[in-house]
Amino acid sequence: MEVIGGPASHSLAIKIAKRLNVKYVKANVHIFADGESKITISHKPRGKVIVVNSTYPPTDSNLIHTFSIIDKAKKSASSIVAIIPYLGYLRQDIAFLPGEVVTSKVIAESFSAVGTSQIITIDAHSEIALSYFKIPTKNVSAINKLAQYCKKLNLENPLVAAADFFWSANAKKFADILSTDSIAINKQRDPNTGKLHIISPKMTDLKGRDVIIVDDMISTGMSIINATHLLKRQNCGKIYVCCSHGLLVNDAKRRIKNAGVEKIICTNTIPSTNSIVDVSDLLASAALSF
Ligand code: R5P
């Protein structure tokens with residue numbers, strides 16, 4: 001067995017290889033002046049090969065790199081386990097408007113086409129999107145790890161708030177680990193404009209209570225900012241944000257902080273200064289059990 005780390009996930013791939021006690025190989029990328037890229041793997045991988053590469057922005061480039069690595073490795077390996085810590089495009093799981101392409105389906109078919117045997121990811125956004133994969137998939141939850149991190153923060157009578165209703169079961173799991181309660185904010189997005197409409201949940205007295213807002217991912221930060229404003233109006237205590245995938249595009253981090261969030265805590269599926277919860281152990285054991 002060996003681990004090949006793609007350009008988007010070198011440090012996480014090294015950690016996974018160390019945990020599995022197997023050889024680590026770095027896939028090198030060269031970007032040409034016109035933006036095209038060329039991947040090189042300096043040897044012929046043999047046996048079961050684990051390819052690790054996240055598909056955060058630039059998402060399309062990172063996808064092409066991932067497909068190229070798998071395609072090359074498959075030529076000499078017996079099987080390819082693709083660990084895609086953050087698997088992009090899963091929000092595009094159905095056609096919301098006539099004529100829309102369901103891109104997650106295209107991605108799923110492409111993974112099969114290049115010869116992927118199995119896929120492992122963390123907190124995939126949509127079960128519908130995962131159902132498009134015709135190869136075995138493992139969707140690992142980071143909720144326990146994120147909650148354990150928050151346990152150490154000594155928060156004041158914490159409340160867990162899902163930034164989106166679909167994440168409410170995970171907010172409840174999170175709250176159970178902290179022996180507290182949870183709420184879920186109902187968010188609706190206009191399919192034409194992308195504008196968010198927030199429906200406030202029934203809230204008990206939040207005065208002085210610290211709140212942990214949880215979600216699967218932060219992209220522009222708007223969902224978190226809206227949730228923060230809503231909770232602040234209830235005179236809550238400090239606000240913390242916990243998510244699996246911190247895309248934090250553009251100046252999302254600054255705007256979230258300006259909205260009054262104390263700390264943004266993400267896993268290391270996407271490298272950044274906020275990626276403080278390591279999920280390499282979860283990914284390594286998922287790879288072993290395939
Ligand atoms: C949406 O359904 C997701 O779970 C996230 O809440 C969303 O993608 C976050 O996006 P943004 O940070 O742009 O509001």
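How far is an oxygen atom of the ligand from an N or O atom in the side chain of Asp 164? The distance is 3.2 Å, which fits the cut-off for a polar contact (a pair of N or O atoms within 3.5 Å). This is a predicted model, where local features need pLDDT of at least 70, side-chain atom pairs count only at pLDDT 80 or more, and totals for chains, interfaces and linings use all residues. Residues are numbered from 1 along each chain as its sequence is written, and side-chain values use heavy atoms, with hydrogens and water left out.

**Around the ligand**

- The ligand has 15 residues around it, counting those with a heavy atom within 4 Å.
- The closest are Lys 187, Asp 215, Asp 216, Thr 220 and Ser 223.
- Asp 215 has a polar side-chain atom 2.5 Å from an oxygen atom of the ligand.
- Thr 220 also places a polar side-chain atom 2.5 Å from a ligand oxygen.
- On its own the ligand would expose 370 Å², and the protein buries 93% of that (areas by the Shrake-Rupley method with a 1.4 Å probe).
- Sorted by class, the shell holds four nonpolar, five polar and six charged residues; here Asp, Glu, Lys and Arg count as charged, Ala, Val, Leu, Ile, Met, Phe, Trp, Tyr, Cys and Pro as nonpolar, and the others, Gly among them, as polar.

**Which elements build the shell**

- Two or more shell residues come from each of β11 (186-189), β13 (211-218) and α7 (222-232).
- These labels follow DSSP runs numbered from the N terminus, with helices (H or I) of at least four residues and strands (E) of at least two.
- β13 gives the most, with four residues.

**Backbone oddities**

- Most residues other than glycine have a negative phi, and most peptide bonds are trans.
- Pro 57 and Pro 58 are joined by a cis peptide bond, with omega about 0°.
- Pro 58 belongs to the loop between β5 (48-52) and α2 (59-74).
- Tyr 89 has a positive phi, near 75°, and lies in the loop between β6 (79-83) and α3 (103-113).
- Tyr 89 counts as partly exposed because its relative accessibility is 23%, and that label covers values between buried (under 20%) and exposed (over 50%), using a 1.4 Å probe and protein chains only.
- Leu 248 has a positive phi too, near 45°, in the loop between β14 (239-246) and α8 (252-258).
- Leu 248 is at 13% relative accessibility, so it counts as buried.

Terms used
Polar contact = N/O pair within 3.5 Å; in protein donor to acceptor, adjacent residues only side chain to side chain.
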